[in-house]
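Please guide me through this structure in a viewer, one selection at a time. I should like to know what to select next and what is to be found there.

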Amino acid sequence: MTHNNNIIKHLFLFILISSFFGIFYFENQKASGTAADADRINRQPKIEEKIITDKKKNIEIGSGDTYGVLMERAGIGGAIANNIYEAAADKYDLVKIRAGRALELIFEKDSDNLKELVYKIDSEKEVSVRNLKYFGGTATTSAWMAKVKPIDYEVKIVTKEGEVKSSMYAAALENNIDERAIIAFANAFQWTIDFAMDPRIGDKFKFIYEERYLDGKYVMPGKILAGYYINNGKRYEVYYFKETEDNAGYFNAKGNSVQKMFLKAPLAFKYISSGFTTGRRYVTAFNVSTGHRAIDYAAKYGTPIRSVGDGTVIFAGWNGPYGNMVKIRHNGTYKTQYGHMSRFAVHKGAKVKQGDIIGYVGSTGFSTGAHLHFELVKNGVKINPLKEILPPGKSIKKENRDRFFAKIKKWQKALK
Ligand SMILES: [Zn+2]
């Protein structure tokens, strides 16, 4: 009998361990990173340890559920629930918990006593309320202490690549890249490439980014660390760099910020990603001979339109064939103009920042379907926005340059 029990015990352990490694083998396969990337798992997951020492219960928050009701449903006494609530109060008000998320309760395995409550406030932060008896206090301590801290994801670095056959978005999906990572990657190029107009068949891209896991399960992409996009034979690169604690962003290989005076497109990538094929099929580009000195972006009715740069709204109203139109003055040299809007989001005189929503796509004026008519005016002359070369972005400060170049060396190697 004992002998049998031992076999069962070992069999169980074997299944437990092999399923654990099985999951990770699968995840590594899915990520299709290089061998070096697979080695770069920043922090090994602590699943085994948790299985042995704690019991975790996830209480899903449904619509209409309140903290008190959920705790009661989880079998936590009113006094304890109240102590946790009070301890959390000045860090996070547990009344504000949201449906679709969860309260994570961690119990001591043997006693079933509650050790900790964790609630993820958003994708970055969580509040943890711990019973000090289990976290450095004495056996008789019963106080609870709350802390808001970054979510401790397990981070895996992955490398993905693709080749454009119809659009960058389609190419990325074909390569099983998470849509959120594609959007984040494209956003790093939003001052450099107009993904509605610029892509060509045969364009190539490759990028390195973080994947976030919790308890071994994939949650979401994290930061885009580095990448390139080869557009029509020209290679553009981005590298993430934290210059100071509150100044992080993307830089090219020379150490110039990729952020420029104007965004390349007045519609965000996530709205144009699936609607466009390579370049000009659904859009009209700037064409001097036909007199169409603008770019037309086909987009769904109601798609938000953003100002490509900082400036002042000098016109927001009806303008004949342009229908509802907004004009923005950026400086003494440049203006941008946006036509056929369904609605305005700004008034004349308003100050706007780059990326601010100024209105919504429509089909007002002389227009046969929902699209945005976009013009760039330089010194009073309408010019081709796709061809205009703007001054490079700010460069990294001298004292930080060595650190930057040292940091990107490994990314450059991986992107070769
Ligand atoms: Zn037009």
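Two strands count as paired if DSSP finds at least two bridges between them. The model on display is predicted.

**First selection: β9 and β10.** Select residues 234-244, which form strand β9, together with β10; 5 bridges join the two strands, which run antiparallel. Within this pair, F241 has G249 as its bridge partner in β10.

**The surrounding sheet.** Extend the selection to the open sheet of 5 strands, whose order is β6-β7-β8-β9-β10 and whose pairing is antiparallel. At its edges are β6 (154-163) and β10 (247-251), each of which pairs on one side only. From one strand to the next, the twist averages 25°.

**The helix on the sheet.** Now add helix α7, residues 179-188, which packs on this sheet. Helix α7 touches β7 (204-214), β8 (217-231), β9 and β10, and its direction makes about 40° with that of β8.

**The nonpolar cores.** Next, select A226, Y239 and L267, the residues with the most contacts inside the largest nonpolar core, which has 66 residues. This core lies between domain 2 (164-260 + 398-415) and domain 3 (269-383), because both give residues to it. Which residues are in contact with Y239, leaving aside its neighbours within four places in sequence? They are A226, Y250, F251, A253, I408 and W411. A second, separate core has 19 residues, including I76, A87, A88 and L117. As a general point, nonpolar side chains in soluble globular proteins tend to be buried together.

**Strand β18 and its partners.** Move on to strand β18, residues 371-378, and display strand β11 (residues 295-298) with it; 4 bridges join these antiparallel strands. Y297 has L372 as its bridge partner in β18. Then add strand β15 (residues 334-344), which is joined to β18 by 6 bridges and runs antiparallel to it. In this pairing, F374 in β18 stands opposite Y338.

**The hairpin.** Finally, select β19, residues 381-383, which is joined to β18 by 3 bridges in an antiparallel arrangement. Where does K378 find the residue that stands opposite? That residue is V381 in β19. β18 and β19 form a hairpin with 2 residues between them. In the turn, N379 has a positive phi of about 50°.

Key:
Residues are numbered from 1 along each chain as its sequence is written. This is a predicted model: local features need pLDDT of at least 70, side-chain atom pairs count only at pLDDT 80 or more; totals for chains, interfaces and linings use all residues. A nonpolar core is a set of buried Ala, Val, Leu, Ile, Met, Phe, Trp, Tyr and Cys residues joined through C-beta atoms within 7 Å. A residue is buried if 20 or more other C-beta atoms lie within 10 Å of its own, exposed if 12 or fewer, and partly exposed in between; C-beta atoms are placed from the backbone. Domain bounds come from an automatic or database domain assignment. Two residues are in contact if their C-beta atoms, placed from the backbone, lie within 7 Å. Axes are lines fitted to C-alpha atoms, for helices over the stretch in contact, and angles run from 0 to 180 degrees between N-to-C directions.
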